[in-house]
Every structure is written in C-alpha cells, then in structure tokens.
Amino acid sequence: QLSINDDLRKVLPRLTKFHPEKPIHVRDLLRHVSGLPDYMGLDDVPKRHEDYWDNDDYVEAFATRGKRLKLDFPADSTYEYNNTNYFLLASVVAHVSGKSFGQFAREEIFRPSGMEHTFVYESPTAIRNGRDCALGYEWSKKKAVWKEAWGTPPARQETMLVVGDGSVWSSLEDLARWDAVVRERKLLKPETWKLALTPHTTKDGKTNDYGLGWGLYFTQSGELYGYGHDGSWGGFQTSYYRDQTKDRSTVILSNRGTLDTDKLWEALDAALNQPAASK
C-alpha cells in the first residue's frame, strides 16, 4: 500500500496544494531532506478538539496555507533534522492504515515485540490500565527548583499531542525487548533493514550520517560500526545506541532535563571497555 518512493501528496491527498510543483517523497521525510518548515513554528493553528492539538490539526494547517508556507530548501538538496518529517510520517501511517498511529504501532510493533507497557500518547484517553507514568522535570534557575515540564493524565493534561516525532512512552524492560527485535532484524524485510542503515548523499554532494530513521556511526575507513537515536522533550532525555562491533546496546531514559546523555553514555562505554581484571 505504500512505497518510500511515493510522493507525499499521493499518500496525504490533503496536501495537494502544498507546493505541487516541488515533489517531496516519503523517503525525503525519513532522511530529513524534505526542506519542510518546522511545524512547531506555525502560529494560530485551529484545533478540532477543545483541549488539545493533534496531527490532523497540523496537516490541515500545511494544507490550507499551501504555497504561503515557504520551503526551507528544495527536497534532497541538503540534510537538516526537522520534527515535521516525523510528524508527517505518522500521519502517512494513519492515513494508509486507516488506524491512528498509536493503534497501528500497538498492533504491528509493540505487541509483536512483547512491549506490553509501551504506548503512544496521542490523546488524553491513550493511557490505559492505570499506568503510573514518570513526569519530566526542568531546572528553574530563577526559583532554584525542579519544575514539572511534561506528563500524562491524571498528573498533567498536555495540550500538544502531536505524535511521530515523540510521545512514545516505554520502559527499560520494553526497550530491552525492542533491542532484541532490532538485533534479530525482525518486523522488516532484510533489504529494508539494509537500506535503513545506509547513508544518503544529498544534491549538495554531502554524505550524511543518517539512514532511514537512524543516526549512523562509521569508522575512519567508512565501515558502519553502530547506529541509534537520541530524543528530548519536556524534561525527558532518551538515547538508544547499538554497537555492532561489540554486540552491545545502551539505553538511557531520564526525566531530568539537564542530564547529558552523551556524556553518560561515553562514561558507560569507557567503563565497559576496561579489561575485566581492572573493573
């Protein structure tokens, strides 16, 4: 039903008036080379629900503003990470599958992977079974206190519930199960996994250390030795890193906004690389 080579307007027909003369493909979203503007920079976006914005609200904003929203650059001309790409990819999944992104992820990814405590926070009713979810905290220098910055009901009622670029709630145990799926190359075809871990060269001549949804790590000789992704939002800091050469994965989940996950990961990696006798 879907190819990464499809034009974005084919799979999201509401965007037919958004720069129709400048094609943007699904693969451009996955590689962050679409040139689309940041959706979080849009103002005065109407919302369908009284209490929160969702993906459909922002797809509609792109559709109605059409050419008035300028592209940052022509598609595939350069690489620039942008959350708009991921939010639109989730909207593509929802449109093609006929299910919400959260429902699709639950049925096609989380359950088959044994991730029973993982869900997508796409509406106030997405939290089930009385889950007690962590809150994200940011440090307030002015008041010298930690302040709540993000969370789920009943503790907090957030108003920005756009998904695809975030809002996946999980646990270390479930991410260990996710890691097993990644290690064993499940869910996707072998050729898809290979393509996802292949860097892409844009029209500016630069080869970017990013595949289809993965940050890629290479040796000086150009051999892929690891891949992963970081994320942060509302006091949460997250990191998944897979080292193929050492057959080792590192997952960091924090609800402390000031934590430097790269520094922690590097320290962990250095400690694990020490000879056994010196540990």
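# A walk through pockets, sheet and loops

Helix H4 gives four residues to the lining of the second largest pocket, the largest share of that lining. Let us start from there, keeping in mind that this is a predicted model. H4 covers residues 83-97, and helix H3, residues 55-65, also supplies at least two residues of the lining of this pocket. The space inside comes to about 370 Å³. Around the second largest pocket stand 21 lining residues, and nearest its centre you will find Asn55, Asp56, Ala94, Ser100 and Phe101. If you are wondering about the chemistry of the wall, the lining of the second largest pocket consists of nine nonpolar, six polar and six charged residues.

From the pocket, let us move on to the sheet. Four strands form an open sheet in the order E7-E8-E9-E10, and their pairing is antiparallel. At its edges lie strand E7 (215-218) and strand E10 (248-254), each of which pairs on one side only. Going from one strand to the next, the twist averages 15°. As general background, the strands of a sheet pair through backbone hydrogen bonds, either parallel or antiparallel.

Follow the pairing from the E7 edge. E7 and E8 run antiparallel and are joined by four bridges; within this pair, Tyr217 stands opposite Gly226 in E8. The two strands make a hairpin with five residues between them, and Gly222 in that turn has a positive phi of about 90°. At the other edge, seven bridges connect strand E9 (residues 236-243) with E10, again in an antiparallel arrangement. Here Tyr241 faces Thr250 in E10.

Two helices meet this sheet. Helix H6 (residues 172-183) packs on it, touching strand E8 (224-233), E9 and E10, and its direction makes about 150° with that of E10. Helix H8 (residues 261-272) lies across E8, E9 and E10 and runs at about 145° to E10.

How many cavities of 30 Å³ or more does the structure hold? There is one cavity of that kind, and the largest cavity has a volume of about 50 Å³. Its lining is made by Tyr217, His229, Asp230, Ser239, Tyr240, Tyr241, Asp262 and Trp265. Elements giving two or more residues to this lining are E8, E9 and H8, and E9 provides the largest share, three residues. By class, the lining of the largest cavity divides into four nonpolar, two polar and two charged residues. Two names here are already familiar from the strand pairing: Tyr217, opposite Gly226, and Tyr241, opposite Thr250.

A further hairpin deserves a stop. Strand E2 (residues 136-140) and strand E3 (residues 145-150) run antiparallel and are joined by five bridges, with Tyr137 opposite Glu148 in E3. Four residues lie between E2 and E3 in this hairpin, and the turn includes Ala144. Ala144 has a phi near 55°, a positive value in a residue other than glycine. Why does Ala144 count as partly exposed? Its relative accessibility is 48%, and the partly exposed class runs between the cut-offs of 20% and 50%.

Some other backbone details are worth a look with your torsion viewer open. Most residues other than glycine have a negative phi, and most peptide bonds are trans. Arg185, although it is not a glycine, has a positive phi of about 55°. Arg185 sits in the loop between H6 and helix H7 (190-196), where it is partly exposed, with a relative accessible area of 29%. For the peptide bond, turn to Pro153 and Pro154: the bond joining them is cis, with omega about 5°. Pro154 belongs to the loop between E3 and strand E4 (168-169).

Finally, look at two loop residues. His19 lies between helix H1 (8-11) and helix H2 (26-31). Is His19 buried or exposed? His19 has a relative accessible area of 7%, so it is buried. Not counting residues up to four places away in sequence, His19 touches Arg9, Gly66, Lys67, Leu69, Lys70 and Leu71.

Arg111 is in the loop between helix H5 (101-110) and strand E1 (119-120), and at 48% relative accessibility it counts as partly exposed. Leaving aside neighbours within four places in sequence, Arg111 is in contact with Arg106 and Glu116. From Arg111 to Ser77 the separation is 34 residues in sequence and 38 Å in space, C-alpha to C-alpha.

Methods:
Residues are numbered from 1 along each chain as its sequence is written. This is a predicted model: local features need pLDDT of at least 70, side-chain atom pairs count only at pLDDT 80 or more; totals for chains, interfaces and linings use all residues. Side-chain values use heavy atoms; hydrogens and water are left out. On a 1 Å grid over the protein atoms alone, a cavity is a set of points where a 1.4 Å probe fits but cannot get out, and a pocket is an open set with protein on both sides within 12 Å along at least five of seven lines; lining residues have an atom within 4 Å of a point. Grid points are joined across faces, edges and corners, and a volume is the space filled by probe spheres set on the points. Ala, Val, Leu, Ile, Met, Phe, Trp, Tyr, Cys and Pro count as nonpolar, Asp, Glu, Lys and Arg as charged, and the others, Gly among them, as polar. Two strands pair if DSSP finds at least two bridges between them. Axes are lines fitted to C-alpha atoms, for helices over the stretch in contact, and angles run from 0 to 180 degrees between N-to-C directions. Contact means heavy atoms within 4.5 Å. Buried means under 20% relative accessible area, exposed over 50%, partly exposed in between (1.4 Å probe, protein chains only).
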